[in-house]
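Please look over the sequence and the structure shown below before reading on. The paragraphs after them give a guided reading.

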Amino acid sequence: MKLNKKTTTIISFMIGTVMFTTTAIAQVVTKSGYDQLKDSVKYTAENATTKLSSYTADMSVVLKDNNTVLYSQDSLSKVDVSKGVKETVTTTLEGSKKTEDYNYSDKNGSISKNADQNIYYTNEYAKPQKSTTSENPFKRDGAADMEKIADALVGNLKDSVVVTQNADGSKTLSGSLSESQIPAIINAVVSLQSKNELGNRSNNPSENTMPKITKDVFVKQVKGNMVTTKDGLIQSVLGSGVISGKDEKGVEHKVTFELLAKMTEVNTTKVSKPDLNGKKVEKNVEQDYSKLTNPQKYIGKYKTDILIEKDAKFIKIGEKFLDITAVDDKGVSGRYYEQYVKGYEDFVSDKKDFKFDAKFDKDQFSGTFNSSSDSKEKITGNISISIGSADIYFNINENQSGKIINNGQYNKVFN
């Protein structure tokens, strides 16, 4: 099921608010406490993407308005890091409608289930993918800068958290921030985003499950709790937040977001490809764009129009043709010629008709050619096969009349 666009926006927005403030809570312990938490987050991200052999991740979110549940979702993912396999079952309750979505991926393809139509869509990759699980967010471009921004925004939140060293070596970090402790800059950002996102809903009344908050928006409360192993691997995260505001009629809303995330069955999770026997399946096989599959299909005639602009109009004065006579994974050969409409003889002073033979560049299906016309004129240019389409790009290195509109895309002619 495709999530309601505004619901997805709200969920993402609330997750960002809670996770940001959870980071802020971490900062308030001491420098060493904050470093321990950041180390745990980075350690978990690195292990979950490269070092753990497998794990199970369960994340639940609930969104309420004045204690009425508007939306809830539970996403259970089984990940085999070593084999690059991931399976996710997502159960969603929106209003009175309950749906279940299924997704599976490995290095060779993916499977997804349409909850409404009960159809499994399979997609086979042309060649194995390097990774189909998750990406370490701390290795993305700009991650270091985002970390510095989060550190700077923490401000004077220094004494609002408790760090407990448990008997088994694990650690528990918890804290709570009230509205008086939330920095003004965070409330300003939340207010702006609420008006831009939460205040704009679909015109379809059946999709308007979210409150339209546009006035007096601020973060009322945020709580967070995190448990890590003695090695620093995150076991669970529990967070909640409350945003208060009024709609256009002045009615006050308290939008509550609750998040629970757990990592279990570390290095013992098993992921199996689903058995689709007897199921309704729609299959798709991706084309391998690194290979020139069935090159004979590119043999034939291609053409493009010769156009000029005159009296504020486009006028066709002729056509340029390619006759492709031979194609393989090493190169392409053929003939190029032009035909002009009667009355435009002044454009035909250098009418071309020549054969060409181009060798493809390494790992590409394009290359340059050298040829000569009947007048012994030396001609150079380039040609490119557009894999997966019936188009060829062909250009001649020449100084064309400024009136002619150059177009290097030639379309295959079908009789």
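What follows goes from the overall model to its cores, its cavities and a few single residues.

This is a predicted model, in which local features need pLDDT of at least 70 and side-chain atom pairs count only at pLDDT 80 or more, while totals for chains, interfaces and linings use all residues. Residues are numbered from 1 along each chain as its sequence is written, and side-chain values use heavy atoms, with hydrogens and water left out.

The confidence of the predictor in each residue is given as pLDDT, on a scale from 0 to 100. Its mean over the protein is 81, and 80% of the residues reach 70 or more. The protein has four helices and 21 strands; these are DSSP runs, numbered from the N terminus, with H or I over at least four residues for a helix and E over at least two for a strand. Among these elements, helix 1 (residues 5-27) has the lowest mean pLDDT, 49, and strand 21 (residues 409-412) has the highest, 95. Over residues 17-32 pLDDT stays under 50, and the model has 40 contacts for this stretch beyond four places in sequence. A contact here means heavy atoms within 4.5 Å.

Of the 415 residues of the protein, 41% count as buried. Relative accessible area decides the class: under 20% is buried, over 50% is exposed, and values in between are partly exposed, using a 1.4 Å probe and protein chains only. Among contacts with a separation of 6 or more, 54% join residues 24 or more positions apart.

The next topic is the nonpolar cores. A nonpolar core is a set of buried Ala, Val, Leu, Ile, Met, Phe, Trp, Tyr and Cys residues joined through side-chain atoms within 4.5 Å. The largest one has 22 residues, and Leu-322, Ile-324, Phe-356 and Phe-394 have the most contacts inside it. At least two residues of this core come from each of strand 14 (313-327), strand 15 (331-340), strand 16 (353-359), strand 18 (378-385) and strand 19 (391-396). Setting aside residues up to four places away in sequence, Phe-394 touches Leu-322, Tyr-336, Phe-354, Phe-356, Phe-369, Asn-382, Ile-383, Gly-408 and Tyr-410. A second core, separate from this one, has 15 residues, including Leu-177, Val-190, Ile-213 and Val-255.

How many cavities of 30 Å³ or more does a search of the whole structure find? It finds three. A cavity is a set of points on a 1 Å grid over the protein atoms alone where a 1.4 Å probe fits but cannot get out, and its lining residues have an atom within 4 Å of a point. Grid points are joined across faces, edges and corners, and the volume is the space filled by probe spheres set on the points. The largest cavity has a volume of about 100 Å³. Ten residues line this cavity, and Gln-36, Leu-37, Lys-171, Leu-173 and Thr-228 lie nearest its centre. Helix 2 (31-51), strand 8 (171-178) and strand 9 (213-228) are the elements that give two or more residues to the lining. Helix 2 gives the most, with four residues. By class, the lining has four nonpolar residues, five polar and one charged. In this count Ala, Val, Leu, Ile, Met, Phe, Trp, Tyr, Cys and Pro are nonpolar, Asp, Glu, Lys and Arg are charged, and the others, Gly among them, are polar.

Two residues stand out by their backbone angles. Most residues other than glycine have a negative phi. Asn-267, which is not a glycine, has a positive phi of about 65°. Asn-267 is found in the loop between strand 11 and strand 12, and counts as partly exposed at 43% relative accessibility. Asp-311, also not a glycine, has a positive phi of about 55°. Asp-311 lies in the loop between strand 13 (300-310) and strand 14, and is exposed, with a relative accessible area of 67%.

Lys-270 is found in the loop between strand 11 (252-264) and strand 12 (281-285). Lys-270 is exposed because its relative accessible area is 69%. Its C-alpha atom is separated by 10.0 Å from that of Glu-87, 183 residues apart along the chain.

Glu-248 sits in the loop between strand 10 (234-247) and strand 11. Beyond its neighbours within four places in sequence, Glu-248 is in contact with Lys-212, Thr-214 and Lys-215. From C-alpha to C-alpha, Glu-248 and Lys-215 are 7.3 Å apart, with their positions 33 residues apart in sequence.

Key. On a 1 Å grid over the protein atoms alone, a cavity is a set of points where a 1.4 Å probe fits but cannot get out, and a pocket is an open set with protein on both sides within 12 Å along at least five of seven lines; lining residues have an atom within 4 Å of a point.
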